[in-house]
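Here are a few short exercises on strands and aromatic rings, each with a worked solution. Have a go at each task before you read on.

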Amino acid sequence: MPYSLAIFDLDGTLTDSFPWFLRTINDVADRFGFRRVADEDIEGLRHASSREILSRLEVPLWKLPAIARHARRLKAEAAAEISLFAGVETMLRTLAEGGVQLAMVTSDSEANAREKLGDCATLFAHFDCAASLFGKPAKFRRVIRRAGVEPGKVISIGDEVRDIEAARTVGIACGAVGWGYAAPAALRAMAPDHMFDQMDEIVWTLCPGAVARMSEAISGNAGG
């Protein structure tokens, strides 16, 4: 199915922030009084939903806004440590040139998102940032209204179970990437509309015309 609008998550989807998260999480735990994450806990947490993670780490819900604000400040300070995944720039440029509108919905701030994206930030038509842990559906709806696109032509692409849940709440397609925070098996268990194991699979799915043109160009060069 062709999509006119692709709504991307940032951390774990476009930026490789999981190593930074692992280095930082226990300092945040000590500051806000929830359970520290041991090395042996990591894989189990990658298979858990957001609600299960909060329960296992005994995170008080009322502290979530303060934790999110603190995390944004830490990310801003560590911007140089967090880079885009290989292939992100080519993927985003190919989609934009192929006529797919790009939007960003993330728990991070817009300033942090733009800094991490660098030159790629100009490819995005819409930003709706600082989403709360379970606040993405409202932001998805707002972005879809701004873009003027029917929900059936919209796909959300993220790396966590909650991204899939948010897309389904709004009635849009959901794509999950296998290189982020959640374990691929946990994402597949949710049966997303599309499971992406490689960056270029996003282009193949969302912009098949561009892939065909690239293939024709390569064939033409080889023949010449």
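**Exercise 1.** How many bridges join β2 to β3, and do the two strands run parallel or antiparallel?

*Solution.* Keep in mind that this is a predicted model.
- Step 1: β2 and β3 are joined by three bridges, and the two strands run parallel.
- Step 2: To find one of these contacts, start at Met104, whose bridge partner in β3 is Phe127.
- Step 3: Now look at the connection: β2, α6 and β3 make up a β-α-β unit, and the unit is right-handed.

**Exercise 2.** Work out which strand β1 is joined to by four bridges, and how enclosed that partner is.

*Solution.*
- Step 1: The partner is β2, which runs parallel to β1 and shares four bridges with it.
- Step 2: In β2, Leu102 stands opposite Ala6.
- Step 3: Strand β2 spans residues 101–105, and four of its five residues are buried, so the rest of the structure largely encloses it.

**Exercise 3.** Classify the ring pair of Phe8 and Phe124, and say which parts of the chain it ties together.

*Solution.* A pair of aromatic rings is described by the distance of the centres and the angle of the planes.
- Step 1: There are six aromatic pairs by the ring-pair rule. In the one formed by Phe8 and Phe124, the centres lie 6.4 Å apart and the planes meet at 75°, so this pair is edge-to-face; the cut-off for that class is over 60 degrees.
- Step 2: Phe8 belongs to strand β1 (residues 5–8), while Phe124 sits in the loop between α6 (110–117) and β3 (126–128), so the pair links parts 116 residues apart in sequence.
- Step 3: Phe8 has a relative accessible area of 0% and is buried; Phe124 is buried too, at 7%.
- Step 4: Phe8 and Phe124 join Phe127 in one aromatic cluster. Arg114 lies over the face of Phe127, 4.1 Å from the ring centre.

**Exercise 4.** Do the same for Phe85 and Trp179: what is the geometry of the pair, and are the two residues buried or exposed?

*Solution.*
- Step 1: The centres are 6.4 Å apart with 65° between the planes, and the pair is edge-to-face.
- Step 2: Phe85 is in the loop between α4 (64–77) and α5 (88–97), and Trp179 in the loop between β5 (173–177) and α9 (184–188), so the pair ties together parts 94 residues apart in sequence.
- Step 3: The cut-off for buried is under 20% relative accessible area. Phe85, at 16%, is buried, and Trp179, at 19%, counts as buried as well.

Notes: Residues are numbered from 1 along each chain as its sequence is written. This is a predicted model: local features need pLDDT of at least 70, side-chain atom pairs count only at pLDDT 80 or more; totals for chains, interfaces and linings use all residues. Side-chain values use heavy atoms; hydrogens and water are left out. Rings of Phe, Tyr and Trp (its six-membered ring) pair if their centres lie within 6.5 Å; planes under 30 degrees apart count as stacked, over 60 as edge-to-face and the rest as tilted. Buried means under 20% relative accessible area, exposed over 50%, partly exposed in between (1.4 Å probe, protein chains only). A charge sits over a ring if NZ of Lys or CZ of Arg is within 6 Å of the ring centre and within 35 degrees of the ring normal. Two strands pair if DSSP finds at least two bridges between them. A crossover is right-handed if, with the strands pointing away from the viewer, the path from the first strand over the helix to the second runs clockwise.
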